[in-house]
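Here are a few short exercises to work through with the structure open beside you. Try each one before reading its solution.

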Amino acid sequence: MAVLAYSLGKREINQYFNIKNAKLLSFVAVILLGVFHSISRYYGGRDTCEWLLSSGRFLGDDVWQPYGCMLHKYKNTEAKACLHSKKIAFMGDSRIRQLFYSFIKIINPEAREDGNKHENIAFGDRESSMNVDFLWYAEVNNSVKGQLMSWTERPSAKPDVVVIGAATWSIKLHSGSSETLLQYKANLTSIAAPLEKLTEHSDVYWVLQDPVNVEKLSENRKMITNEQIDLYNAAALAALSSKRNTRVKFLGASRQAAMETITQSVDGLHLPEGTRNVGAMVLMNSVCNKILKPIDGSCCQSVPPLSVLQKLAAGLFLVAGVCLLVLHLLGYSRHRKSRPAPDVESGEEKKPLTAAVPLSLQDALQSVCKMGVIMLYFYLCDRADLFMKEQKFYTHSTFFIPLIYIFVLGIFYNENSKETKLLNREQTDEWKGWMQLVILIYHISGASAFIPVYMHVRVLVAAYLFQTGYGHFSFFWLKGDFGLYRVCQVLFRLNFLVVVLCLVMDRPYQFYYFVPLVTFWFVVIYGTMAMWPQILQIKANGSGFWHLALLLKLLGLLLFICFFAYSQGLFERVFSVWPISKLFELQGSIHEWWFRWKLDRFAVFHGMLFAFLYLVLQKCQILSEGKGEHLFSNKITNCLLFISVVSFITYSIWASSCKNKTECNEMHPYISVVQILAFVLIRNVPGYCRSLYSSFFAWFGKISLELFICQYHIWLAADTKGILVLIPGNPSLNIIISTFIFVCVAHEISQITNDLAQVAIPKESSALLKRLLAVALFLGLTVLSGSGQTGH
């Protein structure tokens, strides 16, 4: 009865919630969210600098999250580059002095707080020719006005940045009297004009007063209450934010942070170090983000202008839209149903049950237009100033709770496998599916900060490449199809989305590192198998000599890998040759490609060798692959399972003991295969394990490539540095909505890629060669166009 209820439950869910309805719902959600954010920006203010300076929340461990944008953590080298030859002045009391010290510690972490308390303090950096001064002004009075007037009258002496604020001494010296508050308002009004004058050529910040912890205040400070501070802040806002002086910026983020941490204050008045550092870093972001434009500092940055390639991409999509409209007006209305895409990573292709109807011109244009609409969404998410972005913050719960949740779902959707061979299509889809979901959770939770998780995810990436070697080797060994059509199909399906994104998002090809990696290794596998002598299973069956010859080929591949791996100079020289360098450089350097290539350099070779050994054992009928049967005898099965489990546990213990990523990465290429083989054996040696698979994971596995690439811009944000915020103020709901849209988009792109592959890759050799020539010409022009632009 329970099994029947379980089956009926799944059928009921699938009947009402299918992918077509999900895509329609996600499209409506995108439109509504776009309208909502447009209206909120129009009426609520578009300036992310205001968000940065005014509000936010602590994520934990003194990590501050501004409302709606990302805070870049500046290093001293970046701060010096931004503030080169600048003069910065902090004016105020001991709280401003605290902010001053936190600010200069960003520039020089070794700086000490050893200045006299009630005197001016100077800080200079010869390397960057900057000067940061603290000027002691305990109250807002004529002395402050005189200093400001001297700067306005002598432009050569004026600072580039002025940070000013004071109130607590006025409250303390005059016991919080109402007359003092009136005088404070009058004094603020008197300095409003010179502050306004300074804002013409300088950044001027008024620091709102932080709260106090009344219980810890000394007796001579008891009159400084939070009610008094609120009155003085209100006076500052009223006097300095009038219509004639709107360019003075109010730094209120540290006040927001202090509301959560003032209880940790030693004396009840001065902030704990972590909180005052928030104010300093917010100030640094406000001053420097517009200059250095850090990717993970989206606050205070304007939308970058469209590049030549982006304009070209927009033009192509627009032309396709116009052509489709013309065809529609002329009465053409031929449509066809998309076929599921073959698995280009495993190398398997299944013939359709019925012959596919050739894709019509209108269908092709419709697919291009759909892609154009999707790319517009990509652009709005990660380039335009429409949706919000927030930084990542890792906690164990943000990684492990979603992980447990998806594995429960995966178990719920288990099915009987149609095939029972080792690493059959359903199983490899399942494998790629759960690995991809783990990687997605790893990315959005920022789990790379936790080394044990980082090392386990490194194994998952190696497993992808292992499957690449296993699948493509099996295809070439069994079918011997080395034709140009097959190669172009694989390369198109691997690279279509990335090439479009390079144009639309103005990013280099190497930025989407996994696709260049898989593409490179596919070419290597193809070259290894296709070069003379071509050795196929049908040829090798008659003689063991050909098996030996193939092993020699694989040995040659291994030597090729080792030769490059231990010759970084040669590797960099080879891949720095133009125009190859345009595919493998990132920010003008080949180092990232070297790092990615070297990290999993043996994974593909291991996959090919494993495929060869498995197919030979299968051909010799040594394996028992019937439904429910163990691959080997019970004794061998138990022995292999024991070794595999021990390997799993041993690797996890080693990964948990890792203290340094660099040292662990050095070991990774040599030991990752042990973990991969252990999983393959546990999953395949017992017959009952091989007879079941998770349709939930397999569904995601079919679009794993699209999921991996799309996450860069429509799930994560700021080129994976942050998180896309569609639903502000509710992180859990935001993740649910953005994930739903993200998965629907990835699935649609998979279908579009499959449809366009039929048009772009014709089976006729002459037509295919013409297409390749046209593509080579187009890519050559785009490379030349990109060469003249500033790299990212």
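**Exercise 1: A cysteine in its helix**

Cys502 sits in helix 17, which spans residues 484–504. The model is a predicted one.

Task: Is Cys502 buried or exposed? Which residues is Cys502 in contact with, leaving aside its neighbours within four places in sequence?

Solution:
- Step 1. The relative accessibility of Cys502 is 13%. Buried means under 20%, so Cys502 counts as buried.
- Step 2. With the neighbours within four places in sequence set aside, Cys502 is in contact with Arg507, Pro508, Tyr509 and Tyr512.
- Step 3. Take Tyr512 from that list: Tyr512 and Cys502 are 10 residues apart along the chain, and their C-alpha atoms are separated by 8.9 Å.

**Exercise 2: Reading the sheet**

Task: In what order do the 6 strands of the open sheet lie, and why is one side of strand 4 and of strand 8 left without a neighbour?

Solution:
- Step 1. The order is 4-5-3-6-7-8, with mixed pairing.
- Step 2. Strand 4 (121–125) and strand 8 (249–251) stand at the edges, and each has a single partner strand, so one side of each lacks a neighbour in the sheet.
- Step 3. On average, neighbouring strands of this sheet are turned by 15 degrees against each other, direction ignored.

**Exercise 3: One pair and one helix**

Task: In which sense do strand 3 and strand 5 pair, and which strands does helix 8 lie across?

Solution:
- Step 1. Strands of a sheet pair through backbone hydrogen bonds, in a parallel or antiparallel way.
- Step 2. For strand 3 (residues 87–92) and strand 5 (residues 130–136), the sense is parallel, over 6 bridges.
- Step 3. Ala89 has Asp133 as its bridge partner in strand 5.
- Step 4. Helix 8 (residues 178–198) lies across strand 6 (161–165) and strand 7 (203–207), and runs at about 160 degrees to strand 7.

Key
Residues are numbered from 1 along each chain as its sequence is written. This is a predicted model: local features need pLDDT of at least 70, side-chain atom pairs count only at pLDDT 80 or more; totals for chains, interfaces and linings use all residues. Side-chain values use heavy atoms; hydrogens and water are left out. Two strands pair if DSSP finds at least two bridges between them. Helices (H or I, at least four residues) and strands (E, at least two) are DSSP runs, numbered from the N terminus. Axes are lines fitted to C-alpha atoms, for helices over the stretch in contact, and angles run from 0 to 180 degrees between N-to-C directions. Contact means heavy atoms within 4.5 Å. Buried means under 20% relative accessible area, exposed over 50%, partly exposed in between (1.4 Å probe, protein chains only).
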